[in-house]
Amino acid sequence: MLLARVTGTLVATQKHPAYAGHRILLVQPVTPELTAKGDAFYAVGHVQAGVGDLVLVAREGGSARIMLDAGETPIHAAVAGIVDMVDLT
């Protein structure tokens with residue numbers, strides 16, 4: 001799992017059937033201090049997260065597919081939850 005900020009949504013006229021009915025979100029990994037870290041990537045939106053939300057992302061295909069009950073599909077990452085607060089104390 002990693003911490004990320006939702007920066008946008010992706011729209012596709014053609015997509016794999018495994019993505020049907022799911023939102024595809026563009027997420028930017030962040031540090032615990034909430035500064036950007038690394039490259040943005042897309043993840044299937046499993047919860048009602050939107051642009052600007054801080055989220056937890058499962059970025060390992062097996063975990064993402066189990067969360068979505070997606071079997072053997074080409075899903076690599078999925079948003080697992082929305083983060084309310086990060087406390088570093």
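Start by selecting aspartate 84, which sits in the segment after strand 5. You're looking at a predicted model, so treat what follows as a walk through computed geometry. Is aspartate 84 buried or exposed? Aspartate 84 is exposed, at 80% relative accessible area. Now add alanine 58 to the selection and draw a C-alpha to C-alpha distance: the two are 26 residues apart along the chain, and the viewer should give you 17 Å.

**The patch**

Stay in the segment after strand 5 and pick valine 86. Valine 86 is partly exposed, with a relative accessible area of 32%. Then pick leucine 88, also located in the segment after strand 5. Leucine 88 counts as exposed because its relative accessibility is 52%, and the cut-off for that label is over 50%.

Which residues make a nonpolar surface patch? Select Leu34 along with Val86 and Leu88, and you have the patch of about 240 Å². Leucine 34 comes from elsewhere in the chain: look for it in the loop between strand 2 and strand 3. Leucine 34 is partly exposed at 39% relative accessible area. Check its backbone while you're there, since phi is positive, about 75°, although leucine 34 is not a glycine.

Before leaving the patch, run one more distance, from leucine 88 to valine 47. They lie 41 residues apart along the chain, and their C-alpha atoms are separated by 25 Å.

**Strand 3**

Now switch to a cartoon view and select residues 41-45, which form strand 3. How many of the residues of strand 3 are buried? The count is 4 of its 5 residues, so call the strand mostly covered.

Colour strand 2, residues 23-29, next to strand 3: the two pair in the antiparallel sense over 5 bridges. To see the register, click leucine 25 and find alanine 43 of strand 3 opposite. Then click isoleucine 24, which stands opposite valine 44 of strand 3.

Keep valine 44 selected, as it has a partner in strand 5 too: alanine 78 is its bridge partner there. In what sense do strand 3 and strand 5 pair? This pairing is parallel, over 2 bridges.

At residue 41 itself, show the side chain of phenylalanine 41 together with arginine 59. The charged end of arginine 59 sits over the phenylalanine 41 ring, 3.8 Å from the ring centre. If you go hunting for aromatic pairs as well, the structure holds 0 of them.

**Strands 1 and 2**

Move to strand 1, residues 2-10, and pick threonine 7. Threonine 7 counts as partly exposed, at 43% relative accessibility. Measure across to histidine 22, and you should read 17 Å between the C-alpha atoms for a sequence separation of 15 residues.

How many bridges join strand 1 to strand 2? There are 6, and these strands run antiparallel. For a marker on that seam, select glycine 8 and its bridge partner in strand 2, leucine 26. Strand 2 is itself mostly covered, with 5 of its 7 residues buried.

**Strands 4 and 5**

Last stop: select residues 54-58, strand 4. Strand 4 is mostly covered, as 4 of its 5 residues are buried. Strand 4 and strand 1 run antiparallel and are joined by 4 bridges. Click leucine 3 to pick up that seam, then go across to leucine 56, its bridge partner in strand 4.

Now look towards strand 5. It is joined to strand 4 by 4 bridges, again with the strands running antiparallel. What stands opposite alanine 58 in strand 5? Alanine 78 does, and you've already met alanine 78 as the strand 5 bridge partner of valine 44. Show alanine 58, alanine 78 and valine 44 together, and you can trace the route from strand 4 through strand 5 to strand 3.

Conventions. Residues are numbered from 1 along each chain as its sequence is written. This is a predicted model: local features need pLDDT of at least 70, side-chain atom pairs count only at pLDDT 80 or more; totals for chains, interfaces and linings use all residues. Side-chain values use heavy atoms; hydrogens and water are left out. Patches are made of residues with over 30% relative accessible area and no salt bridge: like charges are joined within 9 Å, nonpolar side chains (Val, Leu, Ile, Met, Phe, Trp, Tyr) within 5 Å. Accessible areas come from the Shrake-Rupley method with a 1.4 Å probe; for residues, only the protein chains shown count as cover. A salt bridge is a side-chain nitrogen of Lys or Arg within 4 Å of a carboxyl oxygen of Asp or Glu. Buried means under 20% relative accessible area, exposed over 50%, partly exposed in between (1.4 Å probe, protein chains only). Two strands pair if DSSP finds at least two bridges between them. Rings of Phe, Tyr and Trp (its six-membered ring) pair if their centres lie within 6.5 Å; planes under 30 degrees apart count as stacked, over 60 as edge-to-face and the rest as tilted. A charge sits over a ring if NZ of Lys or CZ of Arg is within 6 Å of the ring centre and within 35 degrees of the ring normal.
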